[in-house]
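Biologist: Hello! I am new to this structure and would love a guided tour. Shall we look at it together?

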Amino acid sequence: MTIQKIHNLAIKMGIEADFRGKEGVEGLLKRKKKKYERLTEREKKEFDLEALENPFLDSRILHIAEDKEIKKILVGIGIEPAEVLLAKEIRGIDLIISHHPLGKGLAHLSDVMGLQCDVLNLYGVPINIAEGLMKERISEVARGVNVANHQRTVDVAKILGFNLMCLHTVCDNLAAKFLKDKVEKEDNLMRIEDLLNLLKEIPEYKEAIKLGLIGPKIFVGEKERRCGKIAITEITGGTEGSSKLYEKMAIAGIGTIVGMHISEEHKKEAEASHINVVIAGHISSDSLGVNLFLDELEKRGIEIVSCSGLIRISRVQK
Ligand SMILES: [Fe+2]
């Protein structure tokens, strides 16, 4: 496969797993095109044209050093200059894939956060409330990334001649869809204990427990409490949303949230709204999403070397 074909496959899978549905995602791209057409010539020059084709701007090709057939890849949760140097040591690495966004992908992290509004709406939060509360948080994240030296790793890849890509929300979408399907298929998820046990059956989380990583763990609530409506609202959509949303989620009838990670501020707000929070685990949930994509590459004969926290579990039938 070529680098472009790998990226196209990732975007396609990300759209298929997206909670907004294919039509929702395509509608978003159409709106972006219309907005682009209305820009002045000067604004068009500054416009990121990839935004017209790629609905996940935190998942992109960052550098093509040599456009060749990709046979062996190095994949990590977060690629930093050290991992690029590692790729040089390993030899034969044709492409490096980072889950966490880098370069332009990091600069556009806030762009994917609109997805959270639709996910919340899917679980009953009125769209006007979700959009109103997320607006503030999205602009906070957009400003927040200004401190990052986001080209650092990309520059190392350029100097050392490595192909580099980051796949963030596409993989988080795969993890979210996997967890949503699993939760919805299970009839007996009465108490939080049942939900925890279900999560603990997933190999990535089993491995995380062995490694001493956090999760699956109850952050708010108790084992014996009943789950109520379980919402997978905090697995995909860039990064943590607005803490003011918990109250609205409670009003919308959400009882328990499954998330990757949670800050203290969000935990307090969830507690105040009596929403149970089960944290599945950060790196393990990231690994789950990345693995679901990597399986497709494995099926196509690509050799995978994992690094930087990635718990590689293959679901490919051998
Ligand atoms: Fe992550």
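Biologist: Let me start with a helix: about how many helical turns separate Lys 180 and Glu 184?

Modeller: Happy to help, and please keep in mind that this is a predicted model. Lys 180 and Glu 184 both lie in helix H9, which covers residues 169-185. Because they are four residues apart in that helix, their separation is about one helical turn.

Biologist: Thanks! How far apart are the closest N and O atoms of Lys 180 and Glu 184?

Modeller: A salt bridge here needs a side-chain nitrogen of Lys or Arg within 4 Å of a carboxyl oxygen of Asp or Glu. Lys 180 does form one with Glu 184. Their closest N and O atoms are apart by 3.3 Å.

Biologist: Is Lys 180 buried or exposed?

Modeller: The cut-off for buried is under 20% relative accessible area. Lys 180 has a relative accessibility of 17%, so the residue counts as buried.

Biologist: Let's move along the chain. Which parts does the salt bridge between Arg 312 and Asp 295 tie together?

Modeller: The closest N and O atoms of Arg 312 and Asp 295 are 2.9 Å apart. In sequence, the parts that this pair ties together are 17 residues apart. Asp 295 is buried at 5% relative accessibility, while Arg 312 is partly exposed at 21%. The parts tied together are the segment after strand S9 (303-307) and helix H14.

Biologist: And which residues are joined with Arg 312 into one network of salt bridges?

Modeller: Arg 312 also forms a salt bridge with Glu 298, with closest N and O atoms 2.6 Å apart. That pair links the segment after S9 to helix H14 across 14 residues. Glu 298 counts as partly exposed at 22% relative accessibility. Through shared partners, the residues joined with Arg 312 are Asp 295, Glu 298 and Lys 318.

Biologist: There is a metal too. Which residues are the protein donors of the iron ion?

Modeller: The donors follow the spacing H-x181-H-x3-D along the chain. They lie 2.0 to 2.2 Å from the iron ion. Two of them give their NE2 atoms and one gives OD: His 100, His 282 and Asp 286.

Biologist: Where in the chain do His 100 and His 282 sit, and how many residues apart are they?

Modeller: His 100 is in the loop between strand S3 (95-98) and helix H5 (103-107). His 282 belongs to helix H14, residues 282-299. The pair links distant parts of the chain, with a separation of 182 residues.

Key. Residues numbered from 1 in each chain as written. Predicted model: local features only at pLDDT ≥ 70, side-chain atom pairs only at ≥ 80, totals over all residues. Heavy atoms only, no water. Donors = N, O, S within 2.8 Å, 3.2 Å for Na, K, Ca; no water. Helix = DSSP H or I, 4+ residues; strand = E, 2+ residues; numbered from the N terminus. Buried < 20%, exposed > 50% of the residue type's maximum accessible area, 1.4 Å probe, protein only.
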